[in-house]
Amino acid sequence: MTLTPGRPAVNDALPRTAPPVVVPGREPWAGRSTVTVLGLTVLLLTSCVVSLGLGAFPVPTSDVAHVLWSRLTGAALPSDVTRAADTVVWQLRVPRIVTGAMVGAVLAACGAALQAVVRNVLADPYLLGVSSGASLGAALVITLGLGSLVGAVTLAAGAFVGALLALVLVLTLVRTGGRMASTRLVLAGVTVSYFLGAVTNLVVVFADSRDAVRAVTFWMLGSLGQSSWSTVPVLVPTSLVTVAVLLLWSRRLDAVSLGDDVARSLGTDPVRLRTQVAVMASLGVASAVAVSGSIGFVGLVVPHLARRLVGATHRLVVATSALLGASVLVWADALARTALAPREIPLGILTALIGTPLLMVLVRRQLARTETGS
C-alpha cells in the first residue's frame, strides 16, 4: 500500500474492477447532474412529439397526440383527424424520428468513448473507417441493383457488411506487432477510410445508371428518408445495447483518459479497452450508418457540449451525449425536411453547416485555455 499526500491510497494488487476515478477539473454536484439528465430526457421526448407535426405536410400537435393514442391503445380516431394525417404521422414520421433519435444517440455516445480511449478531442465515430466501409457496401448494392431485387433492407445489410469488413481491416493493421496504441488506431482508421472512399468513388464512376449514381450520392450525404418500420427493430436494440455497454465501461474510460500508466495502476488494460471500444463503436455506428448514410459532426461536437454540461466523468458524459445527440438529430432532421419543403436537404450537409461553426468555437476556446495554462 502506497500513500501519497493529497491522493487516495493505491494498492499494488488492485482487482480487475477499478474503483471510482476522480478526474481533475470542474465536477458538478450530484443534484445538478440529475437535473441535467432529466431535463435532456424531457427535451428529447418533447422534441420527438413536436417534430412529428413538422414537414411538407404539417399536422397539428393535437392530431399527432390523437394518432399516437389511437395507435398505441387501439382507440378509434376522432372524426376530425384525417386518414392522411394518420398515415403520415405513424407510417412515415414515427419510424423516421425513432431512427433519427437512435442514430444521434449512438453516434454521440461512441464519439465520447472514442475521444476517451484515443485521448484526442477531435476523434469521432468515423475515425475507424466504418463510414467508408458502409458507403462502399451501400454503393455496391445500389449500383448492382440488388436493392430492387431483394428489398429495401438489402441496402442496410450491404452497408452493415461493408462496415464490418472495414473494422476487420483496421484491426488487422493495428494488431501488427501485437500492440494497439491510440496513435496507431487513428492512423489505421484514416488509411482504411481513404482507401475505401477511393474504391467507392470508382464504383460510382463506373455505374451505368444515373439514378443509381444519384441514389448513392444522396445516401452518402446522409438522410433519414429511407427509414421504415422494417429497420427500427434492428436499429433500436443495437443502439441501446451499444450505449448501455459504453456506460458499463465508464469507469475504465475515466481511467484510460488519464493515461495508460494510470489505467494500468487502476487495473485497466488500455490496449484491451481500446479494442473493445473500437469493436463496440464500430457495431453501433455500422447499424446507424446502414440506415442513415454518413452523418458527420454529431459524434464530434456533441461530446464536447456534454462535458461542458456535466463535467468529465464518463458515466455522465456518455449518458448526456446520447440524450443530447438524439435531440440534436431529431431537430436537424425536422429542419432538413421543412427548410426547403417539399425538397429535402441532405442531413449530412445540414449537420456539417451547423456543426462546423460550433467546432470552431470549441477549438478556439481550447486553444485559448491551453495558451493561458502554458
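Let me begin with a term: a disulfide here is a pair of cysteine sulfur atoms within 2.5 Å, and by that criterion the structure holds zero disulfides. What we are looking at is a predicted model, in which local features need pLDDT of at least 70 and side-chain atom pairs count only at pLDDT 80 or more, while totals for chains, interfaces and linings use all residues. Residues are numbered from 1 along each chain as its sequence is written, and side-chain values use heavy atoms, with hydrogens and water left out.

Staying with cysteines, C110 is buried at a relative accessible area of 0%, where buried means under 20%, exposed over 50% and partly exposed in between, with a 1.4 Å probe and protein chains only; C48, at 19%, also counts as buried.

Next, S223, which sits in the loop between α8 (210-220) and α9 (232-248), helices being DSSP runs of H or I with at least four residues, numbered from the N terminus. S223 is buried, with 8% relative accessibility, and what does its side chain reach at 3.0 Å? That is the backbone nitrogen of G225, while a polar contact of 3.2 Å joins the side chains of S223 and E344; a polar contact is a pair of N or O atoms within 3.5 Å, where, within protein, one must be able to donate a hydrogen and the other to accept it, and residues adjacent in sequence count only if both atoms are side-chain atoms.

Finally, L335 is found in helix α14 (residues 314-338), and L335 is partly exposed, with a relative accessible area of 39%.

Methods. Helices (H or I, at least four residues) and strands (E, at least two) are DSSP runs, numbered from the N terminus.
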